[in-house]
Amino acid sequence: MEKVKAALIGCGGRNGVHYQKLSEMADVDLIGFCDTDVARAQAMADKYGSGKVYDNYKSMLDDIKPDVIFIAVPPHQHGEIENAIIDLGIPFQVEKPMALAIEEVRLMHAAAKRSGVVTQVGNHGHSMEGMRRLVEYVEAGQFGQIRDVYCFDDRLNAMQYRPPAAT
């Protein structure tokens, strides 16, 4: 079986974990590292593979043909990059959100469906070991019957907001 050729667009925190895991898989070959911070992309290539380094995704897509692409760039860049990848027929995984506007998501979904490209939106936090273990514990009945779940988020963009009372 041939190795799966994977490439990364965005070599920061989220994709750093992807590449670490991918580099440990015997059937994956990391062939492309793309980031506007070339030093960061080069450091990732040196640590996890021997793939080529690029400073923009268009150059990378003109040069190599990966089997799958992982995208972890700022959300305002997602739509443009995803559409280019869909046009090339390459499956991809993008860190949430898929796009900033629902209409943009609908257009990409329609394009992916027409072309048969597989897409996935990831929530990196849900792919960590702790989350997998928690699911296993719940499914095994380790906590008994769960009646209520309370969650919180301490990020600034998730601050609680209470709308004014209706009058």
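# A tour that starts at E82

Select E82 to begin: this residue sits in helix 4. Keep in mind as you click around that the model is predicted. E82 is buried, and its relative accessible area comes out at 0%. Now show what surrounds it. Beyond its neighbours within four places in sequence, E82 is in contact with I71, F92, V94, M98 and M108.

**Next stop: M98**

Pick M98 from that list. Along the sequence E82 and M98 are 16 residues apart, yet their C-alpha atoms are 8.5 Å apart in space. M98 belongs to the loop between strand 5 and helix 5. Is M98 buried or exposed? It counts as buried, at 13% relative accessibility. Light up its contacts, skipping residues up to four places away in sequence, and you get H78, G79, E82, F92, V105, M108, T119 and V121. Add P75 to the selection too: P75 and M98 are 23 residues apart in sequence, with 7.4 Å from C-alpha to C-alpha.

While you're here, select P97, which is also in the loop between strand 5 and helix 5. Zoom in on the peptide bond that joins K96 and P97: this bond is cis, with omega at about -10°.

**Helix 4 against helix 5**

Go back to helix 4 and show helix 5 alongside. Their axes come within 10 Å and cross at roughly 10°. That crossing angle is under 35 degrees, so helix 4 counts as roughly parallel to helix 5. To see where they meet, select G79, E80, E82, N83 and I86 on the helix 4 side, then E104, M108, A111, A112 and S115 on the helix 5 side. Colour that contact by class and you will find 4 nonpolar, 3 polar and 3 charged residues.

**Into the core**

Which residues have the most contacts inside the largest nonpolar core? Select I9, M60, I69, I71, I85 and F92; the core they belong to has 24 residues. Several elements give two or more residues to this core: strand 1 (4–9), strand 2 (28–34), helix 3 (57–63), strand 4 (68–71), helix 4 (78–88), strand 5 (92–95) and helix 5 (102–115). Two names from earlier, I71 and F92, are on E82's contact list.

Centre the view on M60. Leaving out neighbours within four places in sequence, M60 is in contact with A7, L8, I9, G32, F33, C34 and Y54. L8 and F33 take you on to a second, separate core of 13 residues, which also includes L22 and A45.

**The cysteines**

C34 was one of M60's contacts, so select it together with C11 and look at the sulfurs. Why is C11 not in a disulfide? The closest cysteine sulfur, in C34, is 7.1 Å away, which is too far for a bond. Likewise C34 is in no disulfide, its nearest cysteine sulfur being that of C11. The structure as a whole holds 0 disulfides. C11 is buried at 3% relative accessibility, and C34 is buried at 4%.

**Zoom out**

Finish with the whole chain in cartoon view. There are 6 helices and 6 strands, and from the N terminus they run β-α-β-α-β-α-β-α-β-α-β-α. Of the 167 residues in the chain, 33% are buried. Among contacts between residues at least 6 apart in sequence, 53% join residues at least 24 apart.

Conventions:
Residues numbered from 1 in each chain as written. Predicted model: local features only at pLDDT ≥ 70, side-chain atom pairs only at ≥ 80, totals over all residues. Heavy atoms only, no water. Disulfide = S-S within 2.5 Å. Buried < 20%, exposed > 50% of the residue type's maximum accessible area, 1.4 Å probe, protein only. Core = buried A, V, L, I, M, F, W, Y, C linked by side-chain atoms within 4.5 Å. Helix = DSSP H or I, 4+ residues; strand = E, 2+ residues; numbered from the N terminus. Contact = heavy atoms within 4.5 Å. Axes fitted to C-alpha atoms, helices over the stretch in contact; angles between N-to-C directions. Parallel < 35°, antiparallel > 145°, perpendicular 65-115°, else oblique. Nonpolar A, V, L, I, M, F, W, Y, C, P; charged D, E, K, R; others polar.
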